[in-house]
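Hi everyone, thanks for making the time. I'd like to walk you through a structure that may be new to most of you, so have a look first and then we'll go through it together.

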Amino acid sequence: MKWIFWMAAAALGYTYLGYPVWLWCRSRWSPRPVRRGRVEPNVSAVMVVRNEEAVIAEKIENLLLLDYPAEKLEIVLVSDGSTDATVQALQQFRSHPRVRMVLKTLSEGKAAGLNDGMKLASGEIVLFTDARQKIESDALRCLMENFADAEVGCASGELMLGDPESGEVGKGMGLYWRIEKKIRELESASGSVVGATGAIYCVRRALVEPLPEGTILDDVLLPMQVVRKKSRVVFDSAARAWDSANLGQGREFARKVRTLSGNYQLLQLAPWLLTSNNSIRFEFVSHKLLRLAVPFALLALLLSPLWLSAPFYRAALGAQIAFYGLSLAAMAGVKIGPLSRVADAARTFVVLNSAAVVAFVNFVTGRKAIWIR
């Protein structure tokens, strides 16, 4: 039981602390700065939407008003079998010279929609984005500067949770996302990022391959395909898109389950990710796969002290019970004074790892993830 306890503790320590520290050290001893420059290639913004009647018109206007030469930016829209008024909202842009669209009556999934959109895209660079998030005016120019470096094949922007007026949220899911972005920043500083920000990332069109049917994480698989072709995937924190920090607990949980289910799916769709064909295999395992194992390590860490009588293990058990108690208090909305921020962080941690458990069940039972905005 001692071995189980310490192996679980080591796995958790490496996942959340050891890997970021290793990245920080690598960024110091072997930095790879991007050779940025002012370039203005032709860009195709490709977006797949489904039932986005409330936001689609505003998002198209957002793209049309980006600070980038109008003649060098086209918008390719694919409606994936929308059943609300999305298609009607798109009609006002039907004759716009910079907007091209595919209106599908049946839903075939986001991956199929992206493949259809790529057939219409003519730009040297493809901007992938989603309907809900608003892109800052200068974000596209910032991303393009990275492509002055011939080694860069994909440039990912930064998703901010909050709003431009009050700034980014610093607790709960916002805190988790800030930590995640720091890891991506460190990966980029001396190599390539494991995946991109789905709300805003660009890829050289020549490096984009058709996505397998049903792909959940296009924003991971496409960048990893770029890495496979010996190009870099970098993270640019100056290119920002904004999203709501609170989409509702149920919806946010479902989105996280879908994302983690996508990590399992990647192993089926692209087994080469675990071979020498993946030059950042170590980073992929450390950043993506070990997080899938965290719930099992947490369970081992919680249960193993029950068979250990030493005071240290009893204290460790008590600390874990207190941690989970704080998370339950936060879920119930109980205010506990100065511990409220700790309780909120504990709640987020528990929710994320509960989503990982659901994703594992989906994987072993063969249940497929559904479209979630």
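I'll start with the whole chain, then go to the middle strand, the charged pairs and the cores.

One thing up front: this is a predicted model. The chain has 373 residues, and its radius of gyration is 22 Å, which agrees with the value near 21 Å that a compact globule would have. If you draw the principal axes, the C-alpha trace spans about 75 × 45 × 40 Å. In secondary structure, we're looking at 11 helices and nine strands. How much of the chain is buried? Of the 373 residues, 51% count as buried. And if you take the contacts with a sequence separation of 6 or more, 77% of them come from residues 24 or more positions apart.

Okay, let's go to strand 2, residues 73-80. Is strand 2 enclosed or open? Eight of its eight residues are buried, so the rest of the structure largely encloses strand 2. Now think about which way the side chains go. In a regular strand they alternate between the two faces of the sheet. Here, Leu73, Ile75, Leu77 and Ser79 point one way, while Glu74, Val76, Val78 and Asp80 point the other way, and all of them are buried.

What does strand 2 pair with? Strand 1, residues 43-49, runs parallel to strand 2, and seven bridges join the two. To find your place there, look for valine 43, which stands opposite leucine 73. Strand 3 also runs parallel to strand 2, with six bridges between them. There, the partner of isoleucine 75 is valine 99 in strand 3. And if you follow the chain through strand 1, helix 2 and strand 2, you trace a right-handed β-α-β unit.

Now for the charges. Side chains of opposite charge can pair when their charged atoms come close. How many salt bridges are there in the whole structure? A search finds 24. I'll pick out a few.

One of them starts in strand 2: glutamate 74 forms a salt bridge with arginine 100, with the closest N and O atoms 3.7 Å apart. Glutamate 74 is in strand 2 and arginine 100 is in strand 3, so this pair ties together parts that are 26 residues apart in sequence. Glutamate 74 is buried, at 12% relative accessibility, whereas arginine 100 is partly exposed at 35%.

Another one is aspartate 67 with arginine 141, at 3.5 Å from N to O. Aspartate 67 lies in the loop between helix 2 and strand 2, and arginine 141 lies in helix 5, so here the parts tied together are 74 residues apart in sequence. Aspartate 67 is partly exposed at 38% relative accessibility, and arginine 141 counts as buried at 17%.

Then there's glutamate 108 with lysine 104, at 2.8 Å. Lysine 104 is buried, with a relative accessible area of 12%. Shared partners join Asp80, Lys104, Glu108, Asp116 and Lys119 into one network of salt bridges. Asp80 should sound familiar, since Asp80 is one of the strand 2 residues we just went through.

Let's move on to the nonpolar side. In soluble globular proteins, nonpolar side chains tend to be buried together. The largest nonpolar core here has 43 residues, and the ones with the most contacts inside it are Val46, Phe128, Val203 and Met224. Which helix gives the most to this core? That's helix 7, residues 218-228, with six residues. Helix 7 is mostly covered, with 10 of its 11 residues buried; among them are Leu221, Leu222 and Met224. What does methionine 224 touch, leaving out residues up to four places away in sequence? Its contacts are Val194, Gly195, Trp272, Leu273, Asn278, Ile280 and Phe284. There's also a second, separate core of 40 residues, which includes Leu90, Leu140, Leu161 and Ala199. Right after helix 7, have a look at lysine 230, whose phi is positive, near 70°.

Last stop is helix 1, residues 2-29, where you'll find serine 27. Serine 27 counts as buried, at 7% relative accessibility. Beyond residues up to four places away in sequence, serine 27 touches Leu186, Ala189 and Ser190.

That's my tour, so over to you.

Note on methods:
Residues numbered from 1 in each chain as written. Predicted model: local features only at pLDDT ≥ 70, side-chain atom pairs only at ≥ 80, totals over all residues. Heavy atoms only, no water. Salt bridge = Lys/Arg side-chain N within 4 Å of Asp/Glu carboxyl O. Helix = DSSP H or I, 4+ residues; strand = E, 2+ residues; numbered from the N terminus. Buried < 20%, exposed > 50% of the residue type's maximum accessible area, 1.4 Å probe, protein only. Pairing = 2+ DSSP bridges. Right-handed = clockwise from strand over helix to strand, strands pointing away. Contact = heavy atoms within 4.5 Å. Core = buried A, V, L, I, M, F, W, Y, C linked by side-chain atoms within 4.5 Å. Rg over C-alpha atoms; globule rule 2.2 N^0.38 Å.
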